[in-house]
Protein chains: 2
Amino acid sequence: MAARRPAAERAVRPQAQTAEKRRRILDAALTVFGKHGYNKASLVDIAELAGMTHAGVLHHFGSKDRLLVAVLEHRDAVDVAGLEGQHVPTGKEMLEHLLNTIRLNMERAGLVQAYAVLSAESVTEGHPAQSFFRDRFAGLRGMVVDGYRAVAPAGTPASRLEIAATATIAVMDGLQVQWLLDPEVPMPEVAEATIAGLVDWLAQGQQGDRGE
Amino acid sequence: MAARRPAAERAVRPQAQTAEKRRRILDAALTVFGKHGYNKASLVDIAELAGMTHAGVLHHFGSKDRLLVAVLEHRDAVDVAGLEGQHVPTGKEMLEHLLNTIRLNMERAGLVQAYAVLSAESVTEGHPAQSFFRDRFAGLRGMVVDGYRAVAPAGTPASRLEIAATATIAVMDGLQVQWLLDPEVPMPEVAEATIAGLVDWLAQGQQGDRGE
DNA sequence: GTCTATATCGTGATAGAC
DNA sequence: GTCTATCACGATATAGAC
C-alpha cells in the first residue's frame, strides 16, 4: 500500500521492460502463426524473431497454446484501442466501416492471412483457439445485425437480420482466402455488391412472403 | 504384348488389390487431414485407419506432400463421377445445384471440414496444396459465372458476373467455418438469401450506373 | 507389397546456471 | 529474466527382411 518512490520505481521499471518484451513476443508470434498456421509454427522461430530463445518465450507465456490465445486477445485489444479515438460505427455507417476495413486490410496481408488460417484451423479437434473464434463470430454477428437493422424495414424479424449478418461475415472471410491465393480478386467490389444485394433482399423479402 | 490368360491374371489381380488399397489409404487420409489439418495430421494415424503401417502408405504415395495432392485430386474425380449420371447443371439450375450441395454437405461434416481447413491452410508458405486450390477456385468461378449469366440481363459485363460468382463461392466457404463452429448457423437460408440478393444486384446495377 | 527396424530430425517443455 | 543444456516424444523418411 505505502508506495515510496524507490520501491515503486523498482517495481515499475522491470514491469515496463517485461511488458515491452511481451509485446515483442506477441508481434513475432502473430507473424509466425500467420505465415505457417498454428500447428506448423514453431516456438523457436517465434523466439528468434522476438530476439530471444524459445525458453524465454515459454517463461512469459507458459505454453504454445496459451501464447496463441494471448496473441488473439492482444490483437482484439489493439483493434479496439484503434477505434477508441473515433466513434464506434453504428447503423449504416457500420456497413461502410466494413468496406473500409477491407480496403485497409489489403495493405495488411499478413494480418489477414493470420486470421484466415487460424480461424479455419480452429475448427479442428482440440484446437486451442476454438472457443475464441466461436465467441468472436457470435460477437461480430451481433454487431453486423445492428448495422442491418438500421437500413432494413421497420418490422424486419431478427432471424432475417441474423441471416444477412452471417452472410456478410461469411463473404468477407471467404473472400480473404480467394484473395490470398489470387491478389487480383477485387475484395471491396465483391463485398459491396454482396451487401447491396442483402439490403435489397431485406427490403423485398417481406413482401415476397405474402405478395407472391 | 502376348497376353496369355495366366500372365494377364497375375498382372491384373494384384493391380486390382493395389487400387483397392490405395483407395483405402486415400479415404483414411481425407478423414485424418480433415480432422487435424495437413500439418498436424500424421502418416501413422492415416496408416492405422487404413489398416497398415506408415511405411506401407509411403510405399504407395512416396511422401506426405504427394499423398495430400493425391487425396484432393481423387476427391475431385469422385465428385465428377457422381455427376456423371445426371446432366451437368447449367444456368439457373446450377444456382439451385449449389443450394442442394449445401444441404447435402450438412450430412457430411467431415468432408466440409477437410475442404475448409485445407483450403485456408493452403495459403501458408510452401503449402503443397496451394496450386490445387488456386486452380480449383478459378474453375469454380468460371462455372458459377455461367450460372449467373443465364439469369442476368442480356448485356451484363463479364466483370459483374465474375463479382457475383466470387461472392457466391466466398459465402459458401465462409459459411462452412461458421457452421462448423456453431451448427445452428442456417447455411442453406444464408446462401439462398445471398444468391437472391446478388441476382437482384445484377438486375438493378446496370440501371443504377446511369439512372441515379 | 507390406512389414520391422532404424535413422534423423524438430518439436514443446523442463531444470538449473548466471 | 534469460540463457544453456537436456529431455522425452513424435514426426517423416529410408533400408532391408520376408
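**Close-up views of the DNA contacts and the chain A–chain B interface**

**View 1. Elements around DNA strand D in the predicted model.** The surface near DNA strand D takes at least two residues each from α1 (5–40) and α3 (54–61) of chain A and from α3 (54–61) of chain B. Helices (H or I, at least four residues) and strands (E, at least two) are DSSP runs, numbered from the N terminus. A residue is near a strand if one of its heavy atoms lies within 4 Å of it. There are 15 residues around DNA strand D, and those that come nearest are A:T53, A:H60, B:L43, B:H54 and B:K64. Of the atoms of DNA strand D that come within 4 Å of the protein, 60% belong to sugar and phosphate. By class, the surface near DNA strand D has 6 nonpolar, 7 polar and 2 charged residues. Ala, Val, Leu, Ile, Met, Phe, Trp, Tyr, Cys and Pro count as nonpolar, Asp, Glu, Lys and Arg as charged, and the others, Gly among them, as polar.

**View 2. Polar atoms at DNA strand D.** A polar side-chain atom of B:H54 is 2.6 Å from a base nitrogen of DNA strand D. A polar backbone atom of A:T53 lies 2.8 Å from a phosphate oxygen of the strand. For A:T18, an N or O atom of the side chain is 3.5 Å from a phosphate oxygen of DNA strand D.

**View 3. The interface of chain A and chain B.** In this interface, 45 residues of chain A contact 45 residues of chain B (heavy atoms within 4.5 Å). The two chains bury about 3700 Å² between them, with 67% of it on carbon and sulfur atoms. Buried area is the accessible area (1.4 Å probe) that two parts lose on being put together, summed over both. A:V123, A:Q178 and A:L181 supply 19% of the area that chain A buries against chain B, more than any other three residues.

**View 4. Salt bridges and polar contacts between chain A and chain B.** The rule finds 2 salt bridges across the interface, each a side-chain nitrogen of Lys or Arg within 4 Å of a carboxyl oxygen of Asp or Glu. One of them joins A:R141 to B:D182, with the closest N and O atoms 3.6 Å apart. Between the chains, 8 residue pairs are in polar contact (both at pLDDT 80 or more). A polar contact is a pair of N or O atoms within 3.5 Å; within protein, one must be able to donate a hydrogen and the other to accept it, and residues adjacent in sequence count only if both atoms are side-chain atoms.

**Numbering and criteria.** Residues are numbered from 1 along each chain as its sequence is written, and chains are lettered from A and ligands numbered from 1 in the order in which they are written. In this predicted model local features need pLDDT of at least 70, side-chain atom pairs count only at pLDDT 80 or more, and totals for chains, interfaces and linings use all residues, while side-chain values use heavy atoms, with hydrogens and water left out.
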